[in-house]
Amino acid sequence: DDLGYNDLSCYGSEKLRTPQLDKLASEGVRLTSFYAGNAVCTPSRMALLTGAYPKRVGWPGGVLGYKIDWKQGLAPQALTIAEVFKGAGYATGISGKWHLGDGEGMQPMKQGFDSALYIKSSNNQTTKLWRGEELVADPFDNRRLTEQFSAEAIRFIQANRENPFFLYLPFTAPHFPAQAHPDWKGKSANAAYGDVVEELDHRVGEILKTLESEKLDRKTIVVFLSDNGPEKGQRKWASAKPFRGLKWTTLEGGTRVPCIVRWPGVIQAKRESDELTTAIDLLPTLAHACGIDLKRVSKASPKIDGVNVWDTLIGKKGTTHARTNLLYWNGWAKLEAIRDGDWKLFLTKVDGVPGSESAPVLIHLKEDPTEQTDLAAKHPDRVKAMQTLAKQIAADIDANSLPLGGE
């Protein structure tokens, strides 16, 4: 939650030590052009769980409790990845932050999860920890949430070691307030933020060791990612280098995040991919990898915007990468940019992008990752084509979407 692109040592951090996640990356594929579902938490989770752009499931901007009313959330009609896997016979569990609604039909147990240990919103918005519909702590100890969510994940894995399972583990760390676990306090070189990230790394290592001890590591696909870029109030410690921009923004630092995927024996170790990939691709990709035909899933849902990128993850020769473009909304649901291949076009005025107040700004991301040089005047045909493509995709979303759930 709010982990920046540069906050793992395998993504270039010189301040933070993340040996467990570095090892995970060395055992699988590290994605360097991976985008979270949005630049802020509620819509990012909507995208991850539904495989759809958040606007397609009614997101109006903001997050639950901040522009979105507490009575609203992800519509019960929206098909979630948990429901897809549950329908295929998998045990399903969540341990972590929900932030997708608490109204009728919007809790985790109503959206496909068999078991749930969770907080209903961000760790700065609530003091309550729930197991299913039972309140188990009020207040919870923010310093120990990572430990508790990891312990629950391990319990879930051990309880389901004889069955296929889908585990969703949305850690709250390092979302503000970053408060170090007593055993990690003062251990990092990056204040409490660093302590929290380094504990998170350790807990991931405990989960990976559990998979190994239960002889499940070679049967299990592990995906690690962040929900958006660094929070403004944490920018002294968090980093999205080499990219500019923070959480809420459509600059690269707002949504380009770490993503590591491991499946020993299937995904080749020590691989890196710079292909354009996003959180909405995970549902169709993981369903394909597990032999689930999404065309046979009957629950009413909007169109899935994600594409199956499995061939890219496994490094299959002679295949074309399935994703070619991506739309960017800022945290207030304003469509601000589109990426097509290595090109990014800012469609409207964007803070921090000089010239965008008067005309579209065209960036070549590979040559200009900090988004400083406008090439629109040199490539007018490309600008026009990208504007047209963005309008077409946005129009399809407007015409084929669900309303937000709740009152």
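**Helix H4 and the two cavities**

In this predicted model, the buried residues of helix H4 pack against a mixed set of partners: strands S6 (91–97), S7 (115–119), S8 (129–131) and S10 (165–168), along with helix H5 (191–213). The buried residues in question are Leu-145, Thr-146, Phe-149, Ser-150, Glu-152, Ala-153, Ile-154, Phe-156 and Ile-157. As for the helix itself, H4 covers residues 145–159, and its 15 residues should span 21 Å at 1.5 Å a residue. The C-alpha atoms at its ends turn out to be 21 Å apart, so the two values agree.

Next come the holes inside the protein. Rolling a probe the size of a water molecule over the atoms shows where empty space is left. Here, two cavities of 30 Å³ or more show up.

The second largest cavity, at about 90 Å³, brings H4 back into the picture, since H4 and H5 each supply at least two residues of its lining. That lining has 15 residues, and those nearest the centre are Asn-142, Thr-146, Ala-173, Gln-179 and Val-196. Thr-146 is also one of the buried residues of H4. By type, the lining of this second largest cavity splits into six nonpolar, seven polar and two charged residues.

The largest cavity has a volume of about 120 Å³. Its lining is made up of 14 residues, with Ala-36, Gly-37, Asn-38, Leu-327 and Tyr-328 closest to the centre. Strand S15 (residues 325–329) gives the largest share of this lining, four residues. No charged residue lines the largest cavity; the tally is nine nonpolar and five polar.

Terms used:
Residues are numbered from 1 along each chain as its sequence is written. This is a predicted model: local features need pLDDT of at least 70, side-chain atom pairs count only at pLDDT 80 or more; totals for chains, interfaces and linings use all residues. Side-chain values use heavy atoms; hydrogens and water are left out. The expected span of a helix is 1.5 Å times one less than its number of residues. Buried means under 20% relative accessible area, exposed over 50%, partly exposed in between (1.4 Å probe, protein chains only). Contact means heavy atoms within 4.5 Å. On a 1 Å grid over the protein atoms alone, a cavity is a set of points where a 1.4 Å probe fits but cannot get out, and a pocket is an open set with protein on both sides within 12 Å along at least five of seven lines; lining residues have an atom within 4 Å of a point. Grid points are joined across faces, edges and corners, and a volume is the space filled by probe spheres set on the points. Ala, Val, Leu, Ile, Met, Phe, Trp, Tyr, Cys and Pro count as nonpolar, Asp, Glu, Lys and Arg as charged, and the others, Gly among them, as polar.
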